[in-house]
Each structure stands twice: as C-alpha cells, then as structure tokens.
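Here is a structure to read step by step. A learner asks, and a teacher answers.

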Amino acid sequence: MTTRSPGVASARLPAIHLSATDHALLTTLVGETEADGVAGLLQQELARAKVHADGRRLHTVGLNCWVHYTDERSSRTRRVKIVPPLEADIDAGLISPLSHVGAGLLGLAQGQSIRWPDPSGRERVLTPVLIEDCEALT
C-alpha cells in the first residue's frame, strides 16, 4: 500500500465515518488497484473508515457537504464543498475528494483534527469547525 506522509502514525489518526453510498462512490473513484499520491491516501482512508448504513445522520464530512475548516498554517477559516471531480471548481469553493484538502477532510467530525500532507508533502493540521447539512447525491 502507498505510504502515508512521513511521520504520521496510523495509531494517531482520528476515527472517520462515511455513509455506505459515499464509501462506494469514493471506492469506485479510486479503484481497487494500489494508487500513488492523493488517490493512494484516499484508498488508505477508505480502508480504515467506519461505514454506516445510508439514512443515518453521521455529523461528519461527506460528499456534497459544505464544511468550514481551519488549516494550522492559515489564520482564516475556509468554506468548501466536496463534490465529484468533474464538478470541482476551486473558485466556487467546490473541491474534489482527490484534492489534498478534500481527501483529508472526508469522514472527520466537527472539531476533529488530522495531520495531512499538502501537495509538497509537508504536513499540516486540518480541522472541520462547522459541517453544514449534506445534500443528497443525484
């Protein structure tokens, strides 16, 4: 399996929770073959995620959720929505689950933090501070 960024021990990773639909869509997106980069990181997250039956309110970051998050390197809070890659538009705040931030935030609850690599490989801490109601995927 692709290794996580240097120095991040699996034991220190926060628990993540996804709906069965989100898990299935994300698994289809990254495939079963071992991947590199963000796709490989997302595969690792999917492998460790607790999957819940659809219809259960999870209070975690999922697909089509607006989330306000902080990045330890920035003093401001950003608002983004994780959408399928073809719908991504960074100027509109729509990010792909195959982006570093998108993959890192998926499955986290408000207030949880994760040490996650940026595109250069340096770690940062991502923390969802507010998760808005998620929209059903159509």
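**Reading the fold**

Q: Let us begin with a strand pair. How many bridges join E6 to E7?
A: 4 bridges join E6 to E7, and the two strands run antiparallel. Keep in mind that this is a predicted model. One facing pair here is Arg115, which stands opposite Val125 in E7.

Q: What do E6 and E7 form, and how many residues lie between them?
A: E6 and E7 form a hairpin, with 5 residues between them. Look at Gly121 in the turn: its phi is positive, about 95°.

Q: In what order do the strands of the sheet stand?
A: Read across the sheet, not along the chain. The order is E5-E4-E3-E7-E6. These 5 strands form an open sheet with mixed pairing.

Q: Which strands stand at the edges?
A: Strand E5 (94-95) and E6 do. Each has a single partner strand, so one side of each is left without a neighbour in the sheet.

Q: What about E3: in which sense does it pair with E4 and with E7?
A: E3 pairs with E4 in the antiparallel sense, over 5 bridges. The pairing of E3 with E7 is antiparallel too, over 5 bridges. Take one residue for each pairing. Trp66 has Lys81 in E4 as its bridge partner. Tyr69 has Pro128 in E7 as its bridge partner.

Q: Is E7 mostly covered or mostly uncovered?
A: E7 is mostly covered, with 7 of its 9 residues buried.

Q: Now the whole chain. How many helices and strands does it have?
A: The protein chain has 3 helices and 7 strands. From the N terminus on, the elements run β-α-α-β-β-β-β-α-β-β.

Q: How much of the chain is buried?
A: Buried residues make up 46% of the 138 residues. The accessible surface comes to about 7,200 Å², and 53% of that belongs to carbon and sulfur atoms.

Q: What share of contacts joins residues 24 or more positions apart?
A: First set aside contacts with a separation below 6. Of the contacts with a separation of 6 or more, 60% are between residues 24 or more positions apart.

Q: How do I read one side of a helix?
A: Start with the general idea. An α-helix has 3.6 residues a turn, so residues three or four places apart point the same way. Now the case of helix H1 (20-30). The buried residues of H1 are Asp22, His23, Leu26, Thr27 and Val30. They cover an arc of only 130° around the axis, which puts them on the same side of H1.

Q: What covers the buried residues of H1?
A: The cover includes strand E1 (17-19), H2 and strand E2 (50-52). Just after H1, Gly31 takes a positive phi of about 75°.

Q: How many residues are in the largest nonpolar core?
A: It has 26 residues. Those with the most contacts inside it are Leu26, Leu42, Ile82 and Leu105. Among the elements that give two or more residues to this core are H1, helix H2 (37-48), helix H3 (100-105) and strand E7 (123-131). The largest share, 4 residues, comes from H2.

Q: Pick one core residue. Is Leu42 buried or exposed?
A: Leu42 lies in helix H2. Buried means under 20% relative accessible area. At 1% relative accessibility, Leu42 therefore counts as buried.

Q: Which residues does Leu42 touch, beyond those up to four places away in sequence?
A: Leu42 touches Leu26, Val30, Pro97, Leu98, Ala103 and Leu106. Consider Val30, which is 12 residues from Leu42 along the chain. The C-alpha atoms of Leu42 and Val30 are separated by 7.5 Å.

Key:
Residues are numbered from 1 along each chain as its sequence is written. This is a predicted model: local features need pLDDT of at least 70, side-chain atom pairs count only at pLDDT 80 or more; totals for chains, interfaces and linings use all residues. Side-chain values use heavy atoms; hydrogens and water are left out. A nonpolar core is a set of buried Ala, Val, Leu, Ile, Met, Phe, Trp, Tyr and Cys residues joined through side-chain atoms within 4.5 Å. Buried means under 20% relative accessible area, exposed over 50%, partly exposed in between (1.4 Å probe, protein chains only). Contact means heavy atoms within 4.5 Å. The arc is that of the directions from the helix axis to the C-beta atoms. Accessible areas come from the Shrake-Rupley method with a 1.4 Å probe; for residues, only the protein chains shown count as cover. Two strands pair if DSSP finds at least two bridges between them.
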